[in-house]
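Student: I have a structure open and want to go through its pockets. Can you walk me through them?

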Amino acid sequence: MENKIFGSLIAFAAIVALQLVHARLYRPAQIDSSGWYWLRPGFIHYFTLIGCAAFAGFMWWVYLFIGSARPDAATQEVAMLLLAVAMTAGATYVWFACFLRRYAWAEDTFKIHLFNFEKTYDFSKLANIELKHNGQTVVLRFSDGKRISFSADMHGAGDLADHIDRKIF
């Protein structure tokens with residue numbers, strides 16, 4: 001019982017330390033020469049991407065090249081495969097949502113840039129702002145039914161909130 005409590009305290013301390021490092025490393029939105037403010041991935045996104053990719057790589061290596069000599073090797077191999085697939089999916093999701101898809105705003109316009117495509121949204125049609133998943137995800141809902149969600153931990157998210165507060169509300 002004491003080991004479970006000690007392990008929980010260590011996990012809690014690690015999470016608090018990561019949040020403190022993230023808060024310390026937070027940067028304002030980056031502005032380009034044409035006046036667009038860009039949201040950028042934060043410390044948590046880099047940590048998650050690198051952690052998931054490293055763990056996925058390790059699990060794939062063990063699954064493909066090491067295996068197991070124990071009597072329950074088949075069960076262990078299935079577990080390794082599931083972990084490798086889950087971590088690969090996690091790393092892919094973080095890469096897509098925070099690194100590949102880019103978010104920017106200028107005056108009354110918000111845009112999402114993905115590959116060579118851009119979607120623009122008008123802040124004058126903004127109907128609601130929600131924080132989901134314990135304040136980790138920002139959801140912007142527009143009166144025409146469109147919805148945008150992005151991580152609240154991105155660099156510049158606070159600047160975007162201030163901009164919306166000044167311009168819209």
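Student: Which strands each supply at least two residues of the lining of the second largest pocket?
Tutor: This is a predicted model. In it, β4 (109–114), β5 (117–122) and β8 each supply at least two residues of that lining.

Student: And which one gives the largest share?
Tutor: β5 does, with four residues of the lining of the second largest pocket.

Student: Which residues line the second largest pocket, then?
Tutor: Arg101, Ile112, Leu114, Phe117, Glu118, Lys119, Tyr121, Arg147, Ile148 and Ser149.

Student: How does that lining split by class?
Tutor: Five residues are nonpolar, one is polar and four are charged.

Student: What volume does the second largest pocket have?
Tutor: About 210 Å³.

Student: OK, switching. What about the volume of the largest pocket?
Tutor: The largest pocket comes out at about 360 Å³. It is lined by 16 residues, and those closest to its centre are Tyr93, Ala97, Cys98, Thr137 and Ser151.

Student: Which elements give two or more residues to that lining?
Tutor: α2 (43–66), α3 (73–100) and β8 (147–151). The largest share is from α3, which gives five residues.

Student: So where does β8 turn up?
Tutor: In the lining of the largest pocket, where β8 gives two or more residues, and in that of the second largest pocket, where β8 supplies at least two.

Student: How many charged residues does the lining of the largest pocket have?
Tutor: Two are charged, alongside seven nonpolar and seven polar residues. For the second largest pocket, the charged count is four.

Technical notes: Residues numbered from 1 in each chain as written. Predicted model: local features only at pLDDT ≥ 70, side-chain atom pairs only at ≥ 80, totals over all residues. Heavy atoms only, no water. 1 Å grid on protein atoms, 1.4 Å probe; cavity = no way out; pocket = protein on both sides within 12 Å on 5 of 7 lines; lining within 4 Å. Points joined across faces, edges and corners; volume = space filled by probe spheres on them. Nonpolar A, V, L, I, M, F, W, Y, C, P; charged D, E, K, R; others polar.
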